[in-house]
Amino acid sequence: MYKGTPSRIRKVLYTLIIAFALLCVRLVFVQLGAAKSLSNIASNQYRLVVPLLPKRGVIYDRNLKELAININLISIFAEPFKMKDKGIASQKLASVLGLSRDEIYKKLNQEKGFVWLGRKVSPDTARIVRALNIKGIDFIKEPQRAYPNGVIASHILGFTDMDNNGLEGLELKFDKYLKGVTGYRYTIRDAKQREVPGYEYKEIQPIDGDNLVLTIDSLIQSFAERELENGFKKYHAKGACIIVMDPFTGNVLALSNRPNFDPNNAKAAPPDFRRNRAICDFFEPGSSFKIVPASSLLEEKVVKPSDKFFCENGEYRWYGHTYHDHKPHGWLEFRDVIKYSSNIGTMKAAQRLGKDRLYKYIKKFGFGEKTGIELPGEVNGITTHPNTWSKLSLCSISMGQEVTVTALQLACAMSALANGGNLVKPRIVDMIQDSTGNVIQKFELKKPQRVISEETAREMRTILRSVVDSGTAELAEVEGYFPAGKTGTAQKVEPNGVYSHSKFTASFIGFVPSDNPKFVIVVIMDEPRPFYYGGVVCTPVFKKVAAELMSYYKIWPKEKEVAEKKKKKPVS
Amino acid sequence: MDKNPNNYCPKVLATILMVTFVAVMYVNQQALIYQMGLKVKQNNDVYTKLVDHNKILVYNVLNLRSPVALERRLLAKEVELSMPSKWQVVKIDHSPKKLVLNYKNLAKKDPLANMFVSGR
């Protein structure tokens with residue numbers, strides 16, 4: 001066939017055959033060996049995956065009023081390699097973004113393809129920057145958690161970080177429910193890295209976060225916070241907290257701490273301000289703890305309310321230690337021991353009970369263990385076993401020393417007296433709903449445990465009513481509603497282990513109305529000044545909150561009883 | 001078989017025309033898809049913008065309605081509200097429906113009675 005062809009043509013032909021053979025080899029290599037990696041490189045050049053952010057769940061109060069919602073804000077970023085004159089751009093941006101020119105210039109001169117200039121800026125700022133029309137500056141929308149009530153319920157709600165991850169409070173505890181699942185849109189992009197619309201080849205829809213419905217009532221929370229704030233400021237306290245609770249269900253209606261913070265700008269507040277003192281701080285309760293030995297004594301029937309105790313005229317020496325009453329008393333009936341908060345009378349009565357039985361009731365009232373509320377960071381408090389008690393311990397514990405509790409534990413213990421002797425488990429989250437409103441999880445009321453009999457609880461309510469009526473908590477009286485409660489003033493322990501004479505924890509735990517309790521209110525003030533008695537600094541807060549609660553729930557005062565009481569009381 | 005090249009010409013031309021037509025249609029279709037996608041994106045952007053604006057307005061409304069803000073405004077205007085006492089509250093036992101019926105009955109009995117209920 002090729003016999004007649006000239007040799008030059010043959011050479012060209014051979015060359016072409018060899019070249020073709022080489023190409024075939026290369027083709028086989030590309031197709032079989034490197035196909036996958038090359039295909040990936042090619043697809044990465046034009047494929048684009050756009051994350052679709054889910055909406056974070058809304059947090060509602062018990063009346064479905066929004067406490068935490070989401071808004072979209074604009075974040076501003078720069079692509080420095082696209083920018084021409086970075087100096088002028090920095091100058092223009094500095095005044096709008098509230099940063100120095102040098103700071104922006106430094107950011108723009110980094111060897112990065114992407115630099116944040118401002119995240120989640122206000123719509124006005126974004127509008128002004130957009131109007132500057134600087135090449136290389138672009139905008140992206142980001143969801144931002146917003147708390148329309150500001151500081152209200154800040155310790156309950158907590159806050160989120162820049163990327164909407166829960167960092168504190170319920171935002172942290174229920175983060176996995178609230179945050180939802182990110183979706184993705186798979187599409188293609190053009191040579192300028194822009195998404196080509198209409199070429200989406202796959203889309204996975206985001207799943208929005210679930211909503212939380214709380215037991216909190218934002219209005220009760222609001223006036224509880226207002227009154228706590230007033231007391232906190234008036235008595236220059238280092239810290240304070242208030243809890244309003246339904247004694248029958250354990251539903252927390254309000255919980256607030258001072259100092260507080262605005263969750264819309266949480267990082268502006270020091271960490272100490274963000275601590276939920278009502279559950280994270282434990283303290284020696286002082287006399288407000290006397291409800292425990294008193295209930296135990298009556299329940300065990302080792303003491304009757306009419307039994308008399310000699311209160312040593314205010315000074316009692318026991319195993320080398322001298323105990324004092326804040327006012328000297330002689331002989332007092334047991335009911336008056338509690339009414340006037342006599343330490344000496346209480347410790348003498350507690351000796352009839354013995355350390356094992358006292359410890360049993362301390363545990364039964366739920367002290368020394370977490371209440372199980374759906375908030376992060378709850379502490380146990382400290383209750384030591386009787387085996388480790390000293391000879392003074394029984395006396396000290398009966399008057400609220402050598403034992404530490406949280407405000408919430410006190411609220412639960414007082415609820416047991418208010419509701420007829422059952423220890424309820426507090427709860428702050430009522431249910432979790434999905435984004436369409438279907439209930440996913442309902443936090444049912446936990447079965448209460450009986451601590452004392454109904455009879456003992458009734459007896460205790462009568463004694464605690466007398467504390468407000470004519471005892472140490474007269475300032476807590478709300479006319480027509482007959483509240484009851486117990487004051488407490490505890491010396492704080494100095495770092496050297498000695499009880500301080502200048503630092504106190506004042507408390508008042510009470511319920512209202514005393515004959516048919518609807519609400520338990522706990523008020524704690526840490527280091528109030530210049531007054532430090534619980535009956536002085538905490539009772540006015542209790543009184544105002546109790547009065548507003550009664551009005552809010554349209555519970556009318558008992559005018560007949562008030563008139564009768566006025567008749568009975570001599571005019572002073 | 002007819003091997004005259006002139007006979008192939010119309011067929012080749014027809015094929016080329018067909019292929020060109022299909023190609024043009026394909027490009028046109030792609031352009032339409034792009035345009036539609038762009039329009040959808042623009043509409044979606046407007047929708048998202050309005051939704052975002054709505055969210056911010058809702059936030060502002062909630063902010064204004066929050067008990068703290070209301071209280072602050074009332075205090076600034078020195079308006080002090082308090083819950084009414086029991087004696088200041090009048091309870092009406094009739095539902096509005098019953099009230100209307102009663103007024104109608106009244107009107108039937110006495111046409112002049114209407115003058116007392118007009119303006120309800």
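**A friendly note on chains A and B**

1. Let's start with one residue. Thr505(A) is buried, with 26 other C-beta atoms within 10 Å. Please keep in mind as you read that this is a predicted model. Why does Thr505(A) count as buried? The cut-off is 20 or more other C-beta atoms within 10 Å, and Thr505(A) has 26.

2. Now look at where Thr505(A) sits. This residue belongs to strand E20 of chain A, which covers residues 499-512. Which residues does Thr505(A) touch, if those up to four places away in sequence are not counted? They are Phe283(A), Glu284(A), Gly286(A), Ala490(A), Lys492(A), Ile524(A) and Asp526(A). Try finding Tyr532(A) too: 27 residues separate Tyr532(A) from Thr505(A) in sequence, and their C-alpha atoms are 7.4 Å apart in space.

3. Next, the domains of chain A. Domain 1 spans 51-210, while domain 2 is made of two stretches, 218-263 and 283-568. The C-alpha centres of these two domains of chain A are 46 Å apart. How many residues does each domain bring to the contact? Domain 1 of chain A gives 24 residues and domain 2 of chain A gives 21. On the domain 1 side, helix H6 (154-157) and helix H7 (169-173) of chain A each supply at least two residues. By class, that side of domain 1 has 11 nonpolar, six polar and seven charged residues.

4. The largest nonpolar core is worth colouring in your viewer. This core has 140 residues, and those with the most contacts inside it are Ile243(A), Val244(A), Ala411(A), Met414(A) and Val522(A). Helix H16 of chain A (residues 407-418) provides the largest share, 10 residues. Why is the core said to lie between the two domains? Both domain 1 and domain 2 of chain A give residues to this core, so it lies between them.

5. Val522(A) gives you a closer view of that core. Leaving aside neighbours within four places in sequence, Val522(A) is in contact with Ile242(A), Ile243(A), Ala407(A), Leu410(A), Ala411(A), Met414(A) and Ile509(A).

6. Helix H13 of chain A (residues 343-353) is another good place to stop. Nine of its 11 residues are buried, so H13(A) is largely enclosed by the rest of the structure. The buried ones include Lys348(A), Asn343(A) and Thr346(A), along with Ile344(A), Met347(A) and Leu353(A). Just after H13(A) comes Gly354(A), with a positive phi near 90°.

7. Chain B makes quite a contrast to look at. Its elements are four helices and zero strands, and of its 120 residues, 1% count as buried.

8. How do the two chains meet? Contact involves 19 residues of chain B and 20 residues of chain A. On the chain B side, helices H1 (5-65) and H2 (67-76) each supply at least two residues, and H1(B) gives the largest share, 13 residues. This side of chain B divides into 11 nonpolar, three polar and five charged residues.

9. Finally, zoom in on one pair of helices across the two chains. The axes of helix H9 of chain A (residues 218-234) and H2(B) come within 9 Å and cross at roughly 55°. H9(A) and H2(B) are therefore oblique to each other. Which residues meet here? From H9(A) they are Ser218(A), Leu219(A), Ser222(A) and Arg226(A), and from H2(B) they are Pro67(B), Val68(B) and Glu71(B). By class, this contact has three nonpolar, two polar and two charged residues.

Note on methods
Residues are numbered from 1 along each chain as its sequence is written. Chains are lettered from A and ligands numbered from 1 in the order in which they are written. This is a predicted model: local features need pLDDT of at least 70, side-chain atom pairs count only at pLDDT 80 or more; totals for chains, interfaces and linings use all residues. Two residues are in contact if their C-beta atoms, placed from the backbone, lie within 7 Å. Ala, Val, Leu, Ile, Met, Phe, Trp, Tyr, Cys and Pro count as nonpolar, Asp, Glu, Lys and Arg as charged, and the others, Gly among them, as polar. Domain bounds come from an automatic or database domain assignment. A nonpolar core is a set of buried Ala, Val, Leu, Ile, Met, Phe, Trp, Tyr and Cys residues joined through C-beta atoms within 7 Å. A residue is buried if 20 or more other C-beta atoms lie within 10 Å of its own, exposed if 12 or fewer, and partly exposed in between; C-beta atoms are placed from the backbone. Axes are lines fitted to C-alpha atoms, for helices over the stretch in contact, and angles run from 0 to 180 degrees between N-to-C directions. Angles under 35 degrees count as roughly parallel, over 145 as roughly antiparallel, 65 to 115 as roughly perpendicular and the rest as oblique.
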